Amino acid sequence: MRKIVFALSVVLTVMTACEDNNDSTVNGNRSAVPFSKIQLSEKSAYEAGVPTVTTTQTYSYSQGQLTGFTIVQSYSVQGEPMCIENAASVTYSEHQAVVTDNFGNVSVYTLDDKGYATSCTRQENGTIRTYTFSYFTAPEGKYYLKNITESINDGVYASIDIDYGNYQALRIRQKTDAYGQAYTATTPANDGINNLSGVPCLFLAELYPLSLHTAALYGKFLGEPFPILIDRIIPDGNKEVTNYIFSFDKRNLMTSCKEVINSYGTDYTRTVSYVIE
């Protein structure tokens with residue numbers, strides 16, 4: 001079963017982010033984000049003897065462009081409150097966005113004329129990872145991520161492919177090293193919920209290697225978020241189904257996403273709260 005939570009060090013290491021740039025020309029033809037902030041928070045219940053951690057991710061925007069990201073993890077040890085805070089920065093130039101985090105990891109995105117990433121080189125702890133990206137162009141002209149391929153030391157290590165042939169049943173194929181898994185991501189045929197919040201699907205944002213590119217997802221470097229909220233993930237050949245239940249405010253913006261994984265008859269529940277303004 002896909003893990004619901006990750007260790008503190010893993011969460012902080014894979015974080016990528018952007019901040020402090022208001023040059024709207026970097027977007028190219030990319031759609032602007034109509035909010036000043038998208039914040040996600042959740043409490044992760046770890047095993048006995050390990051504290052419950054509240055993780056808060058905050059994406060900040062100015063003039064429709066991602067300008068900052070922070071992640072704060074708070075917990076208590078023997079009654080003493082503890083807090084870990086991290087951030088990263090991005091610098092823009094023509095056809096390029098450079099993301100540098102506090103651990104010294106550097107991701108250099110090459111952007112096309114429309115402002116979408118075509119490739120990325122990421123340096124972390126002496127390892128160089130390279131990525132290529134491709135997109136599906138919908139009839140209405142929207143760009144959605146179709147493929148991400150990760151190479152390490154000139155060899156392909158991981159990839160994700162998304163087939164948009166059926167909007168009610170997207171096909172997702174993920175491969176890491178020798179392991180491969182395929183999924184069907186469904187949206188309701190008649191009463192699908194419009195993604196007015198413009199947020200990426202939690203499942204995709206946490207699926208490796210996309211989990212190393214969350215800032216690019218929320219900043220729309222990697223295409224637009226899918227316009228209909230995905231409500232179910234079904235792995236091929238596995239008795240495990242993930243359902244998503246959403247709550248909204250009066251503006252029809254998301255306030256929470258409840259993820260329920262049913263694995264061989266047992267439910268594992270997680271709730272992510274959203275603040276969008």
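Rings of Phe, Tyr and Trp (for Trp, the six-membered ring) are taken to pair if their centres lie within 6.5 Å, and a pair counts as stacked when the planes are under 30 degrees apart, as edge-to-face when they are over 60 degrees apart, and as tilted in the remaining cases. By this definition the structure holds 16 aromatic pairs. In one of them, the rings of Y59 and Y218 have their centres 4.0 Å apart and their planes at 15°, so the pair is stacked. The pair links distant parts of the chain, since Y59 belongs to strand β2 (residues 53-62) and Y218 to helix α3 (residues 214-218), with the two positions 159 residues apart in sequence. Helices (H or I, at least four residues) and strands (E, at least two residues) are here DSSP runs, numbered from the N terminus.

The structure is a predicted model, in which local features need a pLDDT of at least 70 and side-chain atom pairs count only at pLDDT 80 or more, whereas totals for chains, interfaces and linings use all residues. Residues are numbered from 1 along each chain as its sequence is written, and side-chain values use heavy atoms, with hydrogens and water left out.

The secondary structure of the protein comes to three helices and 16 strands. Of its 277 residues, 47% count as buried, where buried means under 20% relative accessible area, exposed means over 50%, and partly exposed lies in between (1.4 Å probe, protein chains only). The protein exposes about 13300 Å², of which carbon and sulfur atoms supply 49%; such areas come from the Shrake-Rupley method with a 1.4 Å probe, and for residues only the protein chains shown count as cover. Among the contacts (heavy atoms within 4.5 Å) with a separation of 6 or more, 48% are made by residues 24 or more positions apart. Both members of the stacked pair are covered, for Y59 is buried with a relative accessible area of 0%, and Y218 counts as buried at 6% relative accessibility.

Three strands, β4, β5 and β6, can be followed through their pairing, which requires that DSSP finds at least two bridges between two strands. Strand β4 (residues 80-93) runs antiparallel to strand β5 (residues 96-101), and six bridges join them. These two strands form a hairpin with two residues between them, and H95 in the turn has a positive phi of about 60°. Strand β5 also pairs in the antiparallel sense with strand β6 (residues 106-111), over five bridges. Here the hairpin has four residues between the strands, and G104 takes a positive phi near 85°. V98 of β5 stands opposite T91, and V98 also stands opposite V108 in β6.

In soluble globular proteins, nonpolar side chains tend to be buried together. A nonpolar core is a set of buried Ala, Val, Leu, Ile, Met, Phe, Trp, Tyr and Cys residues joined through side-chain atoms within 4.5 Å. The largest such core contains 60 residues, of which Y109, F133, I172 and Y274 touch the most other members. When neighbours within four places in sequence are left aside, the contacts of Y109 include H95, C120, F133, L212 and F221. Y109 and F133 also form one aromatic cluster together with Y92, Y131 and F221. C120 counts as buried at 2% relative accessibility, whereas C83 counts as exposed at 53%. With a disulfide taken as a pair of cysteine sulfur atoms within 2.5 Å, the count comes to zero.

Three further residues illustrate other surroundings. F136, in strand β8 (residues 127-137), counts as partly exposed at 24% relative accessibility. F136 and K146 are 10 residues apart in sequence, and their C-alpha atoms are 5.5 Å apart in space; beyond neighbours within four places, F136 is in contact with K142, Y143, Y144, K146, Y164 and Y167. S151, in strand β9 (residues 143-152), counts as buried at 15% relative accessibility, and outside the same sequence window S151 is in contact with I128, R129, T130, V156 and Y157. L207 lies in the loop between α2 (202-205) and α3, and is buried with a relative accessible area of 5%. The C-alpha atoms of L207 and Q174 are separated by 8.1 Å, although the two residues are 33 apart along the chain. Apart from neighbours within four places in sequence, L207 is in contact with I160, I172, Q174 and Y183.
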